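Colleague: Could you take me through the ligand site in close detail, and then follow the chain outwards from there? I'd like one connected account rather than a list.

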Amino acid sequence: MQGIGAKRVVVIGAGMVGVCAASYLQRDGHKVFIVEPGEPGHGASFGNAGAFNASSVTSVSMPGVMWNVPRWLFDPLGPLSLRWSYLPMIAPWLVRFIRAGTPEKIHAQARALRPLVGAALDALTPLVRDAGAEDLVHRLGHLYVYRSAQGLAKDRLAWELRRENGVEVDEFDQDELRQLEPALSRDYVRGLLVRENGHTSDPLALVERLFENFRRSGGAIEHARAVGFQLEGGRLATVRTERGEIAADAAVVCAGAWSRPLAAALGDRIPLESERGYHLMIRDPEVMPRIPTADADGKFVATPMDAGLRFAGTVELAGLAAPPDWRRARMLLEQGRRMLPGLAADHPEERLSVWMGHRPSLPDSLPALGPSRASPDVIYAFGHGHVGMTSAPMTGKVVADLVAGRAPSIDIAPFAASRFA
Ligand SMILES: Cc1cc2nc3c(=O)[nH]c(=O)nc-3n(C[C@H](O)[C@H](O)[C@H](O)COP(=O)(O)OP(=O)(O)OC[C@H]3O[C@@H](n4cnc5c(N)ncnc54)[C@H](O)[C@@H]3O)c2cc1C
């Protein structure tokens, strides 16, 4: 029911971030409309690795990242690749990305991220309970595995950042690792387990269940693309869509990798890019890890899902429009077979499926979360990059605080869109 102080709020985009924001807004008694041209959960939230990694405080850009750029350009099948044809378009983002990787900045970025990702499961729990989706969320931790002590040494800074931010880690040697996850290759000699992390065994189903609960609780959806805003004296009057205008007291931009033009419509130039990622799934796999497991060298994750085994990861910088390079998904299968030797050497095509999605990424690995400069009524909640599933629940909570005029429970100053001005 709509109470005193209740507002008409339009949430733009029905990915994990949008449905979490819509759910938290609804819990405050607002009348909430979602504007979404497609089906809820079919953007990046569809095919990710499903990890709720409270420990994910490390920036993608780390010190020395600049020296890797030539490799990204010349190795189209490396863990990170950059298409030559897209280089002129992404060059300004790349410059900011490299600048965000200094030692001082990555420590500050990690400190800023920890409250957003650290509370993920706590912030998700009430939404999952209301939606009857407890069966989709698991608290088994996240395992990072290495093939050599040198590999682990290369990640020293990342582990330092996690520990410095209160992340507790259990280390396993080769034998202990085998007992923990018998399906893993014996080539792995070190494993680091973060027990506070969790995962969903079906990211799409999770978004759908949260959305269904939103609908059942009186929420509405308009199947349209938002294109802009009508402001009157700095206050929001309507959200403009391709199919007409919707009167609103507040709006939240959660359109993932497609949010840039919406912010631009309000005069905010935000360097949002797609970090494209891939997955490959095996239905009825011969073996699966019990715990989501990241191969730290190959930069991919193997997650046990309800529908099979999902290998997900890699980064491709090629923009929103270029067709997928499915070789990148197939290479995950090769790497996955090396990780889990109990998998068959060959699988019939009908048991395999592939997917490509767009991580909405800002150069400093932090989202844009907070009011737009043109109006306090339009709130940005996009750009969560590699950690959008994890940070969505807390983002939703922050959005509800901002719409209600409450001080958010975490510091959102580092997420201000104005940092790019
Ligand atoms: C391979 C891969 C693995 C990943 N693994 C993980 C992981 O393990 N853990 C983790 O935390 N994160 C992970 N991520 C990142 C995570 O998937 C994203 O950060 C997250 O899904 C972003 O959610 P979102 O709601 O912002 O965007 P999306 O899910 O992309 O949703 C945006 C929605 O906005 C809609 N939209 C677009 N334009 C408009 C418009 N003009 N008007 C209205 N609606 C619009 C779209 O149709 C879409 O439904 C991974 C990503 C990839 C690609």
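Modeller: Here is a walk through the ligand site, followed by some residues and elements elsewhere in the chain. Bear in mind throughout that this is a predicted model.

Let's start with the shell. There are 36 residues around the ligand, and those that come nearest are Glu36, Ser45, Ala51, Gly385 and Thr390. By type, the shell splits into 19 nonpolar residues, 14 polar ones and three charged ones.

As for polar atoms, threonine 390 has a polar side-chain atom 2.8 Å from an oxygen of the ligand. Valine 17 takes part through its backbone, with an N or O atom 3.1 Å from a ligand oxygen. Then there's asparagine 48, where a side-chain N or O atom sits 3.3 Å from an oxygen atom of the ligand. Taken alone, the ligand would expose 1000 Å², and the protein buries 94% of that. Two or more residues of the shell come from each of these elements: helix H1 (16-27), strand E15 (273-282), strand E19 (352-361) and helix H12 (388-404). Strand E19 gives the largest share, with four residues.

Strand E19 is a good place to step away from the ligand, by way of serine 361, which belongs to that strand. Serine 361 counts as buried because its relative accessibility is 1%. If you skip the neighbours within four places in sequence, serine 361 is in contact with Trp93, Pro271, Leu272, Glu273, Glu275 and Gly385. Gly385 should ring a bell: it is among the residues that come nearest to the ligand.

Next, strand E15, where you'll find histidine 279. With a relative accessibility of 3%, histidine 279 is counted as buried too. A polar atom of the histidine 279 side chain lies 2.8 Å from the backbone oxygen of glycine 47. Glycine 47 also turns up on the contact list of histidine 279, along with Arg310, Phe311, Ala312, Ala329, Leu332, Ser353, Val354 and Trp355, again leaving out residues up to four places away in sequence.

Carry on past strand E15 and you come to aspartate 284, in the loop between E15 and strand E16 (293-295). Have a look at the backbone there: phi of aspartate 284 is near 50°, a positive value in a residue other than glycine. Most residues other than glycine have a negative phi. Aspartate 284 is exposed, since its relative accessible area is 53%. Threonine 314, in strand E18 (residues 308-317), also has a positive phi, near 65°. Threonine 314, though, is buried, with a relative accessible area of 2%.

Now over to helix H7 (residues 156-164), whose buried residues are Ala158, Trp159, Leu161 and Arg162. These residues lie on the same side of H7, because they cover an arc of only 155° around the axis. What they pack against is helix H4 (103-118), strand E6 (142-146), helix H6 (149-154) and strand E8 (190-194). After H7 comes glycine 166, with a positive phi near 85°.

Strand E8, one of those packing partners, holds glycine 191. With 0% relative accessibility, glycine 191 counts as buried. Not counting residues up to four places away in sequence, glycine 191 touches Leu143, Tyr144, Val145, Asp170, Glu171, Phe172 and Leu177. Take Phe172 from that list: phenylalanine 172 and glycine 191 are 19 residues apart along the chain, with 4.9 Å between their C-alpha atoms.

Last stop is aspartate 202, in the loop between strand E9 (198-200) and helix H9 (203-216). At 23% relative accessibility, aspartate 202 counts as partly exposed, because buried would require under 20%. A polar atom of its side chain lies 3.1 Å from the backbone nitrogen of alanine 205. Leaving aside the neighbours within four places in sequence, aspartate 202 is in contact with Leu136, Met305 and Asp306. As for valine 227, which is 25 residues from aspartate 202 along the chain, the C-alpha atoms of the two are separated by 31 Å.

Notes. Residues are numbered from 1 along each chain as its sequence is written. This is a predicted model: local features need pLDDT of at least 70, side-chain atom pairs count only at pLDDT 80 or more; totals for chains, interfaces and linings use all residues. Side-chain values use heavy atoms; hydrogens and water are left out. A residue is near a molecule or strand if one of its heavy atoms lies within 4 Å of it. A polar contact is a pair of N or O atoms within 3.5 Å; within protein, one must be able to donate a hydrogen and the other to accept it, and residues adjacent in sequence count only if both atoms are side-chain atoms. Accessible areas come from the Shrake-Rupley method with a 1.4 Å probe; for residues, only the protein chains shown count as cover. Ala, Val, Leu, Ile, Met, Phe, Trp, Tyr, Cys and Pro count as nonpolar, Asp, Glu, Lys and Arg as charged, and the others, Gly among them, as polar. Buried means under 20% relative accessible area, exposed over 50%, partly exposed in between (1.4 Å probe, protein chains only). The arc is that of the directions from the helix axis to the C-beta atoms. Contact means heavy atoms within 4.5 Å.
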